[in-house]
Each structure stands twice: as C-alpha cells, then as structure tokens.
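Please examine the structure shown below. The paragraphs that follow lead through a surface patch, a pocket and a loop.

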Amino acid sequence: MPSVTTKNNGTWHIIGESVRGVTHDRKGLPNQDAIQYIVKKGNELPLAVAVSDGHGNSKNFRSEFGAQLAANIAGDILIRFLSESCNEKNSNQTLSNIQKNLVPDIIETWKKAVLDHFEQNPILETEREVLENKNEFSPDLSNPILFYGTTLLAAGVSNSLIILLQLGDGDILTVDPFGKVIQPMPSDDNLFADETTSLCLPNAKQYMRHVILDPKTEKIKLLLVSTDGYSKSFIKDSDFLEVGPDFLE
C-alpha cells in the first residue's frame, strides 16, 4: 500500500488487510469484510480509507457484495468530497455539507449499486438451496437492499481536515506522538450485544456518525479503522486499545 506526502513534508503510510475470521474459516463461509483505500495521483493528499463488514446471516445473504460495494463507494465519494472541501475555512459549513451531502450521497449511491447488482444477478438456485436447507429462505423480493446489509467505517485525510464516518459497529482509534489513544467517535446506544445498525436500513442516514478533526491541532500520529471482528479477538477492551501504540512503535 502507498505512502502519501503532506504539504508540511509529513508522510502517511497506509497499511491494511481483510482476513477471514476463525468462525467463517471453520464453517467454510466467505470473508464478508472489505477494505478500500484511495489516494490522488502523485501520492498526495487527500486520501481515503474505508472498511465494511457484511452481516453474513440468512437475511443478508448477499452481504459479501454489499460490503465490497460500500467500501469502494465510500472511498470514492469521500476523497472527492475532501478535494472539493479543501479550501473551506468554516468547520460548521463542512459539518453541514457532511450531513446534507456526503452522508446521503454515500448511502443512496450504495443502495443504487446494490439494486443494480441484484437486477444483474437474480437469486441463484444454489443460494436458494442453502437457505432452504437451513429453513431460512423467506426473502422479501420487494426489498432486495436487505440482502446486502453491511456496516461501514471510513476515514478521509486532507491537509486541512480529517473526516471520520461510522455506521454500525467497529472501531476507530487515534494515537498521538506520545502513544496516547483516543476513541474519537461518539458511542451509539443502538449497538448492543451482536446487534448493529446497517446501510440496508430505510433510515440509515440517521445512524451515520461523523467527526471532523483538525490535523494541525490534534497531532495524530496514527489512525486505525477496523471492523468489529478485530476488537472482539481480544479478551479485554484495554488489550485492544494497546494495538494503537503497538502499531505506532
């Protein structure tokens, strides 16, 4: 993955990978996480990274594709938004544009892409057989968007601002030069146990959390974006938080 140079001669190094979890591996299920990163030509800012986690249950049996579409679309739209917002001096205006334009654009573009995918790829007989064998086949063909349900987390970085987006579970961490870890995204009371909000919900827009950070004042040395499977692989939350300083070191 690339390195991206900033105007003040600093450098962002992008690393990341999507790995099939142990449970999926044991059951022979596909990897339903996706990752996408986008940088401008010449490896200059802005950059965007997006990760998504398909729900993987019988209601969302196309979530593998939903996750990939979500990561690709969010990365494309976020980097375009950052390029257009690079001259904005008013953070309130940027925040308003995120709420009115960026978030709806990502969600509606994803839903259109999902419907296009379903139109071109009707339900396969193999999908039907698998779900029928589990006595779980009762898809609502009037709402195929549900089949592609996925979470979405994204981070976009320009020279003047950092935008963080999150819909559903997962984790975003920042680490300063001294190894201090911060979880900048506000908590969501709708997330509990294994329940999560999703892009496939009719009111997905209201569940998309977002944060704007100033790279000049926040002094962020590392930014980590991960789906929920990563943090759940640690016994304690405190153990997971240590990965920030560990990666930085």
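**A surface patch, a pocket and a loop**

Ile15, Tyr230 and Phe247 make a nonpolar surface patch of about 320 Å². Such a patch joins nonpolar side chains (Val, Leu, Ile, Met, Phe, Trp, Tyr) within 5 Å, taken from residues with over 30% relative accessible area and no salt bridge, that is, no side-chain nitrogen of Lys or Arg within 4 Å of a carboxyl oxygen of Asp or Glu. Areas come from the Shrake-Rupley method with a 1.4 Å probe. Phe247 belongs to helix 8 (residues 243–248); helices are DSSP runs (H or I) of at least four residues and strands (E) of at least two, numbered from the N terminus. With a relative accessible area of 45%, Phe247 is partly exposed, a class between buried (under 20%) and exposed (over 50%).

The model is predicted: local features need pLDDT of at least 70, side-chain atom pairs count only at pLDDT 80 or more, and totals for chains, interfaces and linings use all residues. Residues are numbered from 1 along each chain as its sequence is written, and side-chain values use heavy atoms, with hydrogens and water left out.

The second largest pocket (an open set of points on a 1 Å grid where a 1.4 Å probe fits, with protein on both sides within 12 Å along at least five of seven lines) is lined by 23 residues, those with an atom within 4 Å of a point. Asp169, Gly170, Asp171, Gln183 and Ser231 lie nearest its centre. Helix 7 gives the largest share of this lining, 3 residues.

Gly149 lies in the loop between helix 4 (125–133) and strand 5 (152–157) and is buried, with a relative accessible area of 0%.

Notes
Patch = residues over 30% accessible without salt bridge, like charges linked within 9 Å, V, L, I, M, F, W, Y side chains within 5 Å. Buried < 20%, exposed > 50% of the residue type's maximum accessible area, 1.4 Å probe, protein only.
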